[in-house]
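Subject: Structure for you to look at, with notes

Dear colleague,

I am passing on the structure we spoke about, and I would be grateful if you could keep it open while you read the notes that follow.

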Amino acid sequence: MGRPTFFREFWKTVHIVLDQNMSLKVTHDIAESLQTGIESLPEIERAFVHCDYEFEHHPQDEHKAV
């Protein structure tokens with residue numbers, strides 16, 4: 001029997017700030033393109049892109065801490 005293979009694939013969350021006057025379509029296309037690019041990296045299994053229009057608050061204020 002061979003040695004076990006261990007996979008080290010990661011999930012990545014990215015927060016980006018975009019102009020608040022940008023259309024939803026443009027915002028979506030930017031986020032989707034970024035997600036696809038990140039997920040093309042061999043060590044990334046899944047990427048999540050969170051879009052915001054300001055950077056004054058901290059992501060941990062709106063997401064569950066793990």
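How much accessible surface does the chain have, and what share of it belongs to carbon and sulfur atoms? The accessible surface comes to about 5,900 Å², and 58% of it belongs to carbon and sulfur atoms, with areas taken from the Shrake-Rupley method with a 1.4 Å probe, where for residues only the protein chains shown count as cover.

Before the details, a word on the basis of these notes. This is a predicted model, in which local features need pLDDT of at least 70 and side-chain atom pairs count only at pLDDT 80 or more, while totals for chains, interfaces and linings use all residues. Residues are numbered from 1 along each chain as its sequence is written, and side-chain values use heavy atoms, with hydrogens and water left out.

On confidence, the mean pLDDT (the predictor's confidence in each residue, from 0 to 100) is 86 for the chain, and 79% of its residues reach 70 or more. Among the elements, helix H1 (residues 24–39) has the highest mean, 98, and strand E1 (residues 10–17) the lowest, 92. Where pLDDT is low, the predicted coordinates should not be read in detail.

The chain contains one helix and two strands, which follow one another from the N terminus as β-α-β; here helices (H or I, at least four residues) and strands (E, at least two) are DSSP runs, numbered from the N terminus. E1 and E2 pair in the parallel sense over eight bridges, two strands being paired if DSSP finds at least two bridges between them. The path from E1 through H1 to E2 is a right-handed β-α-β crossover, that is, with the strands pointing away from the viewer, the path from the first strand over the helix to the second runs clockwise. Within this pairing, Val-14 has Val-49 of E2 as its bridge partner, and His-15 has His-50 of E2.

As to the interior, 14% of the 66 residues count as buried (under 20% relative accessible area, with exposed over 50% and partly exposed in between, 1.4 Å probe, protein chains only). The largest nonpolar core, a set of buried Ala, Val, Leu, Ile, Met, Phe, Trp, Tyr and Cys residues joined through side-chain atoms within 4.5 Å, has six members: Val-14, Ile-16, Leu-18, Ile-38, Ile-44 and Ala-47. E1 and E2 each supply at least two residues of this core.

Leu-18 deserves a second look, with contact meaning heavy atoms within 4.5 Å. Apart from its neighbours within four places in sequence, Leu-18 is in contact with Thr-27, Ile-30, Cys-51, Asp-52 and Tyr-53. Thr-27 lies in helix H1 and is buried, with a relative accessible area of 15%; outside its own neighbours within four places, Thr-27 is in contact with Leu-18, Met-22 and Cys-51. Asp-52, in strand E2 (residues 44–52), counts as buried at 14% relative accessibility, and its C-alpha atom is separated by 8.4 Å from that of Asp-19, 33 residues apart along the chain.

Glu-9, in the segment before E1, counts as partly exposed at 45% relative accessibility. Residues up to four places away not counted, Glu-9 touches Pro-42, Glu-43 and Glu-45.

With best wishes
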